[in-house]
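This report goes through one structure part by part. Please look over the sequence and the model before reading on.

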Amino acid sequence: MIDSTFRQVCAAAVQKYGADAQLCQIQEEAAELIAAISHFRRGRSDSRAKLLEELADMEIMLEQARVIFGDDAVTTAATPKIERLCDRLGIEDSAG
Ligand SMILES: [Mg+2]
């Protein structure tokens, strides 16, 4: 659901609550995702649904991080990492 509505809603959240509050929320959601992954890996009942919920929360917060720090800045940071991963996997990097 990465579409213009998703981006607009994420930008509106940063506008309304502010960057610092949303960075704090990212920390909280990251902690919830870490716990959900642990529960899923241990086979706790209903852990898959909780993991998916926390993944969705994190996806929303990461989009807000892109709003806060700038889409281009995040992409610039990600590009060499993707290139390095391509090298490790033996995948020809079509963008590079
Ligand atoms: Mg959550």
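## Cysteines

The sulfur of Cys24 lies 17 Å from the closest cysteine sulfur, which belongs to Cys10, and this is too far for a bond. The structure is a predicted model, and the cut-off for a disulfide is a pair of cysteine sulfur atoms within 2.5 Å. By this rule there are zero disulfides. Cys10, for its part, is in no disulfide.

The surroundings of the two residues can be stated as well. Cys10 is buried, with a relative accessible area of 2%. Cys24 is partly exposed, and its relative accessible area is 35%.

## Overall fold

What elements make up the chain? The chain holds four helices and zero strands, and its pattern along the sequence reads α-α-α-α. The radius of gyration is 16 Å, well over the 12 Å that the globule rule gives for 96 residues, so the chain is more spread out than a compact globule.

Along the principal axes, the C-alpha atoms fill a box of roughly 40 × 40 × 25 Å. The accessible surface of the chain is about 7,100 Å², and carbon and sulfur atoms account for 56% of that surface. Of the 96 residues, 19% are buried. Among contacts with a separation of 6 or more, 63% are between residues 24 or more positions apart.

## The magnesium site

Which residues coordinate the magnesium ion? Glu29 (OE), Glu32 (OE), Glu54 (OE) and Asp57 (OD) do so, at 2.0 to 2.2 Å. The spacing of these donor residues in sequence is E-x2-E-x21-E-x2-D. One pair links distant parts of the chain: Glu29 sits in helix H2 (residues 19-41) and Glu54 in helix H3 (residues 47-69), 25 residues apart.

Are these two glutamates buried or exposed? Glu29 is buried, with a relative accessible area of 9%. Glu54 is also buried, with a relative accessible area of 1%.

## Helix H3

Helix H3, which holds the metal ligand Glu54, has 23 residues. From its first C-alpha to its last, H3 reaches 32 Å, close to the 33 Å expected at 1.5 Å a residue. After H3 comes Gly70, whose phi is positive, near 100°.

The buried residues of H3 are Ser47, Leu51, Glu54, Met58, Met61, Glu63, Gln64 and Ala65. An α-helix has 3.6 residues a turn, so residues three or four places apart point the same way. The cover over the buried residues of H3 includes helix H1 (4-17) and H2.

## Gln64

Gln64 is a residue of helix H3. Gln64 is buried, and its relative accessible area is 4%. Which residues does Gln64 touch, not counting those up to four places away in sequence? They are Cys10, Ala13, Val14 and Gln22. Cys10, discussed above for its sulfur, is thus one of the residues that Gln64 touches and is itself buried.

Gln64 and Leu23 are 41 residues apart along the chain, and their C-alpha atoms are separated by 8.7 Å.

How values were computed: Residues numbered from 1 in each chain as written. Predicted model: local features only at pLDDT ≥ 70, side-chain atom pairs only at ≥ 80, totals over all residues. Heavy atoms only, no water. Donors = N, O, S within 2.8 Å, 3.2 Å for Na, K, Ca; no water. Helix = DSSP H or I, 4+ residues; strand = E, 2+ residues; numbered from the N terminus. Buried < 20%, exposed > 50% of the residue type's maximum accessible area, 1.4 Å probe, protein only. Rg over C-alpha atoms; globule rule 2.2 N^0.38 Å. Contact = heavy atoms within 4.5 Å. Areas by Shrake-Rupley, 256 points an atom, 1.4 Å probe, with all protein chains shown as cover. Expected span 1.5 Å × (residues − 1).
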